[in-house]
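Hi everyone, thanks for coming. I'd like to walk you through a structure that is new to most of you, so please have a look at it on the screen.

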Amino acid sequence: MKRIMEAYIEKVSYRINEKNEIIDVFDSWNNAALVGHADELLDMKRIIGMSIFSVLHDDNTRMYYDSVFQKCRLLKKGHMLEYRCDSPTHKRFMKMELVPLANNDIDLFNYLLREEPFSHPLTIHDCTGSQNVSYTKRCSICNSLQFTGKTEWVAPDSVSKTESKTIKVIHSVCPDCQRGGWEVLNR
């Protein structure tokens, strides 16, 4: 598989074993944790051995990534996924490269390709796990939003300033990303 040769702003990488537990971290892991205010991810004693699924917000996202990991292992073939990991002020366009290793471990390289400012801050409050079903859905892959009572998913950039004060969300995977994930699985 051809490695990513394009320019990237940041690279955060880690290795998971066949049980999908983090067994090593590389590159800018600590820097990304500091910038993302994720101080709990700085303690390597807590990180090493932790299931990658413990940081995913919902069952749909876990199933999505579990399928991608299984494909990578079964076919012994790497692949790439595009996703977004936005901050309240910036759209963050990412790419994940998965590289299978001989012992069913997988190296995951996460590249920040570019950032673009939102026209106004977008504050998201994660309520995944809450029993209230009236929350907005947020796609864990592309960050699109599906507001309560609506069928369409909209880009977070299209949320008006009045709608964006604080959006309470539960995580899922939108139909477009589900299809895209299956396309990756069928390549």
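Let me begin with a question: how many aromatic pairs does a search of the whole structure find? The search finds three. By a pair I mean rings of Phe, Tyr and Trp (its six-membered ring) whose centres lie within 6.5 Å; planes under 30 degrees apart count as stacked, over 60 as edge-to-face and the rest as tilted.

Before the details, some housekeeping. This is a predicted model, so local features need pLDDT of at least 70, side-chain atom pairs count only at pLDDT 80 or more, and totals for chains, interfaces and linings use all residues. Residues are numbered from 1 along each chain as its sequence is written, and side-chain values use heavy atoms, with hydrogens and water left out.

How confident is the predictor? The average pLDDT, the predictor's confidence in each residue from 0 to 100, is 82 for this protein, and 81% of the residues score at least 70. Residues 1-5 have a pLDDT below 50. Beyond near neighbours in sequence, that stretch has 14 contacts in the model, a contact being heavy atoms within 4.5 Å.

Back to the rings. Phenylalanine 53 and phenylalanine 69 make a tilted pair, with 6.1 Å centre to centre and 35 degrees between the planes. Phenylalanine 53 sits in the loop between helix 2 (44-47) and helix 3 (59-75), while phenylalanine 69 is in helix 3, so the pair ties together parts that are 16 residues apart in sequence. When I say helix or strand, I mean DSSP runs numbered from the N terminus: helices are H or I with at least four residues, strands are E with at least two.

Tyrosine 64 and tyrosine 65 also pair, edge-to-face this time, at 5.2 Å centre to centre and 85 degrees between the planes. Are these tyrosines buried or exposed? Both tyrosine 64 and tyrosine 65 are buried, and the same goes for phenylalanine 53 and phenylalanine 69. Buried means under 20% relative accessible area, exposed over 50%, and partly exposed in between (1.4 Å probe, protein chains only). Ring pairs link Phe53, Tyr64, Tyr65 and Phe69 into a cluster.

Now please turn to the sheet. Which order do its four strands take? They form an open sheet in the order 6-9-7-8, with mixed pairing. Two strands pair if DSSP finds at least two bridges between them. At the edges are strand 6 and strand 8 (145-146), each pairing on one side only.

Strand 9 (residues 167-172) is mostly covered, with five of its six residues buried. Strand 6 (residues 124-126) runs parallel to strand 9, joined by three bridges, and strand 7 (residues 136-139) pairs with strand 9, also in the parallel sense, over four bridges. Follow valine 169 in strand 9: aspartate 126 stands opposite valine 169, and so does threonine 136.

Arginine 138 is another nice one to follow. It stands opposite histidine 171 in strand 9, and its bridge partner in strand 8 is leucine 145. Strand 7 and strand 8 pair in the antiparallel sense over two bridges. Their hairpin has five residues between the strands, and asparagine 143 there takes a positive phi near 70 degrees.

Last topic: charges. How many salt bridges does a search of the whole structure find? The count is ten, where a salt bridge is a side-chain nitrogen of Lys or Arg within 4 Å of a carboxyl oxygen of Asp or Glu.

Glutamate 116 forms one with lysine 91, the closest N and O atoms being 3.4 Å apart. Glutamate 116 lies in strand 5 (residues 106-117) and lysine 91 in strand 4 (residues 90-100), so this pair ties together parts that are 25 residues apart in sequence. Lysine 91 is buried, with a relative accessible area of 12%. Lysine 91 also meets aspartate 157 in a salt bridge (3.0 Å, N to O). Aspartate 157 is in the loop between strand 8 and strand 9, so here the parts tied together are 66 residues apart in sequence.

Salt bridges that share partners join Arg84, Asp86, Lys91, Arg114, Glu116 and Asp157 into one network. Arginine 114 appears once more: it lies over the face of phenylalanine 93, at 3.8 Å from the ring centre. The rule there is that NZ of Lys or CZ of Arg is within 6 Å of the ring centre and within 35 degrees of the ring normal. Thanks for listening!
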